[in-house]
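Q: Please give me a close look at the enclosed spaces in this structure and at what surrounds them. I would also like to hear about a few sites in the interior.

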Amino acid sequence: MAQIRVVLLGGFAAFGPDGAALALPTRKAEALLALLLCRSGEAQPRERLVGLLWGDRGDKQARHSLSQTLTSIRSAIGNACEPFTVDREMIAVRPDAASADVGDLLNLVKRDDIESLRAAAALYRGGLLEGFGLHESMFDEWLAQERSRFHHIGVSVLMKLGGREAADGDPLAATAALERALALDPLLEEAHRLLMRLQLDCGNYNAVIRHYRQCGDILKRELGTVPEPATTELYLKARAKLKEPRQLGGGPMSDPSARETSNADEDKQDIRFCLTSDGVRIAYATAGTGPPLVKTANWLNHLEYDWQSPVWRHLLRALTADFRLIRYDERGNGLSDWHVDDFSIEALVRDLETVVDAAGLERFPLLGISQGCAVAISYAVRHPERVTRMVLHGGYARGWRARGNPSEIAKREAMLTLVREGWGQENPAFRQIFTSWYIPDGSLEQWRWWNDLQRISTSPENAARLMADLGNIDATHLLPAVRVPTLVLHSVDDAAVPFNAGRELATSIPGARFLPLNSRNHVILEQEPAWPRFRDEIRGFLRAGGDEERQRSAG
């Protein structure tokens, strides 16, 4: 068994037999080990090593430096074993003395079975000797070449793994592998195409269209070219499918049990796009029959994925049973454009105005959840002639920074750091922090869906920008100007938005009715006792508004 373990992918680290970190004395000692291990421990000529690390193959001092460096490595390792095989011309690492992740990666790639590919993908944690450099031109040139070689191996592993996972019927794992490949090489059109084909096969036609646009933007910006005909063909197929009447549900992130319990008459929706005045494409959807009800966007939405989710589908089904529900994906989220510059409250209200106009609505009630409440309030004050009633749940007039609570600000600032560092990682541990915050009483299945929703609904950059900008919202000056009947609901033990924020809405909006809910969840879940009351109170409030509208029209 090897006495020491060396990690070269994602940076340099060495560990002894007991797992404790080994501290090598110099960067050149680390570089020497890397040179000897990157070619699976093959013996290397002394002259080559001297030339790469000290720049002068014939210099006696350089050869002496090589010998000293070997000695320093032996000292750091200890006397457990002799790590090198050395003669006058060649030097090699003994395979029983040291092993490296790069060697394991190459061996796994040769096996070519799916389990080996999964292990290889896990090993490829980053570029070879990431962040490493010696400012020795010959070594740095070697390092650039080796980085390129291992980068190509890592991308190839992820591409092959994505194809195998898709063939094995695991679209979630296939999508994760292909997205990692694209993170390493955004210009790899084959990966874009495989993702589009996967989404097309699963019926996520809008996702195909969105991905095609992203692919086209990248190719145009970086290469000055357009997607290949095979890529465009997938896009055209998705557009053709969207024109056909179809039942939504099922997708690359869908769960078989969810598909079995979905009802066709509830899952049908018509998805369209509209363009805001600042050039952002907003995706909006209409589902259900009856009088209109507009739901403002919240953190975070995905028009297709929400229908499949055990966190949201019960609410969507309840609303579409009585109303023609119009909802949309906020800028930077879901099927709407992700590459946007402005996440201000003004921009969010502009999105709502654009959707309402595109849907051809005249008078309608508004449903706001979380940050969507501030957007709904702003719209209702600007357009009182169009809003009949307003339901606000889990909302606030002042964002987390504007509320001025030092403890809350510190917590949110820490969350912002987590978003920037961990949101896009395959491991959902970072996103689980947010999930536990928003739905602490959710089931394991609901937690998993919420984790996945965060990953597929937006990018780490957009999530951080949204979170920061939403913290600055302050619509308190608008609350006394609201002139429409308003129902405010808020979970008593909501950890995401303080209960007092909901009470502030109710006390500041003239005539508003306040309904505290016995729940810890920011989103009311189907299995909790608060759900029937939440559903029935909203239904009764909105139906009363519909009766008033009919009387108004008759009069």
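A: **Cavities and buried sites**

By the rule used here, the count comes to five cavities of 30 Å³ or more. A cavity is a set of points, on a 1 Å grid over the protein atoms alone, where a 1.4 Å probe fits but cannot get out, and its lining residues have an atom within 4 Å of a point. Grid points are joined across faces, edges and corners, and a volume is the space filled by probe spheres set on the points.

Please keep in mind that this is a predicted model: local features need pLDDT of at least 70 and side-chain atom pairs count only at pLDDT 80 or more, while totals for chains, interfaces and linings use all residues. Residues are numbered from 1 along each chain as its sequence is written, and side-chain values use heavy atoms, with hydrogens and water left out.

Let's start with the largest cavity, which holds about 160 Å³ of space. It is lined by 15 residues, and those closest to its centre are Tyr396, Trp400, Arg412, Tyr438 and Leu470. Helix H20 (residues 460–471) supplies the largest share of this lining, three residues; helices (H or I, at least four residues) and strands (E, at least two) are DSSP runs, numbered from the N terminus. By class, the lining of the largest cavity has eight nonpolar, five polar and two charged residues. Here Ala, Val, Leu, Ile, Met, Phe, Trp, Tyr, Cys and Pro count as nonpolar, Asp, Glu, Lys and Arg as charged, and the others, Gly among them, as polar.

Tyr438 leads us on to histidine 522, since Tyr438 is among the residues that histidine 522 contacts. Histidine 522 sits in the loop between strand E14 (513–517) and helix H22. With a relative accessible area of 2%, it is buried (buried means under 20% relative accessible area, exposed over 50%, partly exposed in between, with a 1.4 Å probe and protein chains only). Leaving aside neighbours within four places in sequence, its other contacts are Ser370, His393, Gly394, Asp494, Ala496 and Val497, where contact means heavy atoms within 4.5 Å.

Of these partners, serine 370 deserves a look at its backbone: its phi is positive, about 60°, although it is not a glycine. Serine 370 belongs to the loop between strand E11 (364–369) and helix H16 (372–382), and at 7% relative accessibility it counts as buried.

Next comes the second largest cavity, with about 70 Å³ of space. Its lining is made up of Leu315, Ala318, Leu319, Asp322, Phe323, Trp531, Arg535, Ile538 and Arg539. Two elements give two or more residues each, helix H14 (313–320) and helix H22 (530–554). H22 gives the most, with four residues. The classes here are six nonpolar, no polar and three charged.

Proline 310 lies in the loop between helix H13 (305–308) and H14. At 6% relative accessibility, proline 310 is buried. Apart from neighbours within four places in sequence, it is in contact with Glu445, Gln446 and Trp449. Proline 310 and leucine 525 are 215 residues apart in sequence, yet 8.2 Å apart in space, C-alpha to C-alpha.

Towards the start of the chain, there is another buried site to see. Aspartate 101 is found in helix H4 (residues 101–111) and has a relative accessible area of 0%, so it is buried. Not counting residues up to four places away in sequence, aspartate 101 touches Arg5, Val6, Val7, Leu8, Leu9, Leu123 and Arg125. Aspartate 101 is also 8.5 Å from tyrosine 124, C-alpha to C-alpha, with their positions 23 residues apart in sequence.

One of those contacts, Val7, has alanine 13 in E2 as its bridge partner. Strand E1 (residues 4–7) and E2 pair in the antiparallel sense over three bridges; two strands pair if DSSP finds at least two bridges between them. They belong to an open sheet of three strands in the order E2-E1-E6, with mixed pairing. Strand E2 (13–15) and strand E6 (98–100) are the edge strands, each pairing on one side only.

Finally, leucine 129 lies in the loop between helix H5 (114–123) and H6. Although leucine 129 is not a glycine, its phi is positive, about 45°, and at 1% relative accessibility it counts as buried.

Terms used: On a 1 Å grid over the protein atoms alone, a cavity is a set of points where a 1.4 Å probe fits but cannot get out, and a pocket is an open set with protein on both sides within 12 Å along at least five of seven lines; lining residues have an atom within 4 Å of a point.
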